[in-house]
Amino acid sequence: MSDEKYKQMLDRHKQEIEDFRNNCPHSVISDWIPFMWAPGHFSHHVKVCERCYKTIEESMPQPVIKAEVTSSYQTEHKWKENDKKEKDL
Ligand SMILES: [Zn+2]
């Protein structure tokens with residue numbers, strides 16, 4: 001199977017999903033479910049259509065996660081600064 005054929009299939013499949021979603025009334029919406037942006041990594045919660053799985057509503061990303069990212073970045077940054085100072089001496 002050539003790459004071109006695979007891409008054609010993928011494009012057609014994407015188009016089918018888009019058409020399906022555009023024609024879906026989204027009448028059955030799920031409760032809040034955790035959104036996984038990568039395996040094991042949950043960032044926020046979403047409500048999806050139970051028929052076509054389109055995201056209907058998104059919660060804001062958790063402030064706690066943002067704070068953790070910021071503090072770990074600052075810690076790493078300070079550590080690098082200290083490391084540099086020691087090398088200068
Ligand atoms: Zn739907």
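**Close-ups of a three-stranded chain**

Just 1% of the chain's 89 residues count as buried. Keep in mind that this is a predicted model.

**View 1. The whole chain, end to end.** Start here to get your bearings: the chain holds two helices and three strands. Reading from the N terminus, the elements come in the order α-β-β-β-α. Of the contacts with a separation of 6 or more, 21% link residues 24 or more positions apart.

**View 2. The sheet on its own.** Here we zoom in on the strands, which make an open sheet of three in the order β1-β2-β3, with antiparallel pairing. The edges are β1 and β3, each of which pairs on one side only. Going from one strand to the next, the twist averages 55°. As a general reminder, strands of a sheet pair through backbone hydrogen bonds, either parallel or antiparallel.

**View 3. The β1-β2 hairpin.** Strand β1 covers residues 33-38 and strand β2 covers residues 41-48. Five bridges hold this antiparallel pair together. Look for F35, which sits opposite H44 in β2. Two residues lie between the strands of this hairpin. In the turn you'll find G40, whose phi is positive, at about 85°.

**View 4. The β2-β3 hairpin.** On to the next pairing, where β2 meets strand β3 (residues 55-58). These two also run antiparallel, joined by three bridges. One spot to pick out is V48, whose bridge partner in β3 is T55. Six residues separate β2 from β3 in this hairpin. The turn here has a positive phi too, this time at Y53, with a value of about 65°.

**View 5. Where to trust the model.** Before reading too much into any close-up, check the confidence: the chain has a mean pLDDT of 81. A pLDDT of 70 or more is reached by 65% of the residues. Which element has the lowest confidence, and which the highest? The low end belongs to helix α2 (residues 63-88), with a mean of 57. The high end belongs to β3, at 94. So β3, the edge strand from View 2, is also the element with the highest confidence.

How values were computed. Residues are numbered from 1 along each chain as its sequence is written. This is a predicted model: local features need pLDDT of at least 70, side-chain atom pairs count only at pLDDT 80 or more; totals for chains, interfaces and linings use all residues. Helices (H or I, at least four residues) and strands (E, at least two) are DSSP runs, numbered from the N terminus. A residue is buried if 20 or more other C-beta atoms lie within 10 Å of its own, exposed if 12 or fewer, and partly exposed in between; C-beta atoms are placed from the backbone. Two residues are in contact if their C-beta atoms, placed from the backbone, lie within 7 Å. Two strands pair if DSSP finds at least two bridges between them. Axes are lines fitted to C-alpha atoms, for helices over the stretch in contact, and angles run from 0 to 180 degrees between N-to-C directions. pLDDT is the predictor's confidence in each residue, from 0 to 100.
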